[in-house]
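Colleague: I have just opened this model and would like a close look at one part of it. Please start from a single charged residue and work outwards, to its partners and then to the spaces and surface beyond.

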Amino acid sequence: MKRISTRTKLLFGILVIVLAITTILVVSYHNLTSIQKSQHEMTNSLETINLLTQIRSDENRLRALVLEMIIVEDRDHQELMERQVVERHGTIETRVDSVLNNLSHYPQLREDVAILFDSMLVVHKNRVVNMELAKSGKTKEAIDLVTTSQESRYNRVRSGLLEVEKQLAASTLMEKAEVESKTQRTITILIISGVIIFLIALWF
C-alpha cells in the first residue's frame, strides 16, 4: 500500500511539474512574441519620427533656397540652387515612401499623413513655378506666389507633420510602458512557477 501511495505521489508530482513547465513555456512564448511586436512598432515609430523631422527640416531649407533664388539675380547661382532644390525634392519623396510604409499599422494616421504629403507635393510643384519665375526675372510674381497660397499651404503641412510626430511620440511612450509591463509579468510568472516546482521537489 505504501508502495502504491509513493508511486501515486511521484506521478502526481511529475504531472504538476510538467504542467508548470508547459505553462511557463506557453506564457513566456506569448509574452515574448507580444514584446517583440511592440518593440518592432516602437522602432518603426522612432524611425518615422526621425524621417518626419528630416522632411520638415528639408522643407524649411527648400523654402529658404527658393526665397534666396528669387532675391539673387546671378544666373549661375540660381541654377546651383535650383539643382539643390530638385535633389532635395527627390530625397523628400523617398522619405515620404518610407514614412507611409512604416505607418501601415496605423491606418487612420497613415491616411492623414498621405493627405499632408499630397499638399506637400503641391508645394513642390509651386516651388518649381517659383524657380522658373525667378530665372525669368519675374521677381514680383514669384514673391506673390510665395507669400500667398504657397505660404499658407506650407505652414499647414509643416504644422500637420509636427502634430503627427507628437502623436507617434506619445504612442511610443505607451508602447514602452506596455513592454515594461509585459516583461514584469513574464518575470513574475517565471518566479512563481519556479517556487512551485521547488516546493513540489521538497515534497518528495
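**Starting from arginine 88**

Modeller: Arginine 88 is partly exposed, with 28% relative accessible area. Please keep in mind that this is a predicted model. The partner to look at is aspartate 58: the two form a salt bridge in which the closest N and O atoms are 2.9 Å apart. This pair links distant parts of the chain, since aspartate 58 belongs to helix α1, arginine 88 belongs to helix α2 (residues 75-102), and 30 residues separate them. The acidic partner is the buried one: aspartate 58 has a relative accessible area of 8% and therefore falls under the 20% limit. Arg95 joins in as well, so that you should picture a network of salt bridges linking Asp58, Arg88 and Arg95.

To put that in context, a search of the whole structure turns up 10 salt bridges. Two others make a nice contrast with the link between helices. In one, glutamate 79 pairs with arginine 75, with 3.7 Å between the closest N and O atoms. Both sit in helix α2, and because they are 4 residues apart, about one helical turn separates them. Glutamate 79 is partly exposed at 31% relative accessibility, and arginine 75 is partly exposed at 42%. In the other, glutamate 180 bridges to lysine 176, the closest N and O atoms lying 2.8 Å apart. Here the helix is α4, and the spacing is again 4 residues, or about one helical turn. Glutamate 180 is partly exposed, with a relative accessible area of 46%, and the value for lysine 176, also partly exposed, is 40%.

Now for the enclosed spaces. Rolling a probe the size of a water molecule over the atoms shows where empty space is left. In this model there are 2 cavities of 30 Å³ or more. The largest holds about 90 Å³, and its lining consists of Arg63, Val66, Leu67, Val123, Arg127, Asn130, Val146, Gln150, Glu151 and Tyr154. Helices α1 (2-71), α3 (107-135) and α4 (139-203) each give two or more residues to that lining, and α4 gives the most, with 4. By character, the lining splits into 5 nonpolar, 2 polar and 3 charged residues.

The second largest cavity holds about 50 Å³. Around it you will find Arg56, Glu59, Met120, Val123, Tyr154, Val157, Arg158 and Leu161. Once more α1, α3 and α4 are the elements that give two or more residues, with α4 giving the most, 4 residues. This lining has 5 nonpolar and 3 charged residues but no polar ones. Val123 and Tyr154 are worth highlighting in your viewer: they line the largest cavity and the second largest cavity too.

Finally, follow α4 out to the surface. Phenylalanine 198 is found in this helix, and it counts as exposed because its relative accessible area of 52% is over the 50% limit. Together with Ile187, Ile191, Val195 and Leu199, Phe198 makes a nonpolar surface patch of about 480 Å².

Technical notes:
Residues are numbered from 1 along each chain as its sequence is written. This is a predicted model: local features need pLDDT of at least 70, side-chain atom pairs count only at pLDDT 80 or more; totals for chains, interfaces and linings use all residues. Side-chain values use heavy atoms; hydrogens and water are left out. On a 1 Å grid over the protein atoms alone, a cavity is a set of points where a 1.4 Å probe fits but cannot get out, and a pocket is an open set with protein on both sides within 12 Å along at least five of seven lines; lining residues have an atom within 4 Å of a point. Grid points are joined across faces, edges and corners, and a volume is the space filled by probe spheres set on the points. Ala, Val, Leu, Ile, Met, Phe, Trp, Tyr, Cys and Pro count as nonpolar, Asp, Glu, Lys and Arg as charged, and the others, Gly among them, as polar. Patches are made of residues with over 30% relative accessible area and no salt bridge: like charges are joined within 9 Å, nonpolar side chains (Val, Leu, Ile, Met, Phe, Trp, Tyr) within 5 Å. Accessible areas come from the Shrake-Rupley method with a 1.4 Å probe; for residues, only the protein chains shown count as cover. A salt bridge is a side-chain nitrogen of Lys or Arg within 4 Å of a carboxyl oxygen of Asp or Glu. Buried means under 20% relative accessible area, exposed over 50%, partly exposed in between (1.4 Å probe, protein chains only).
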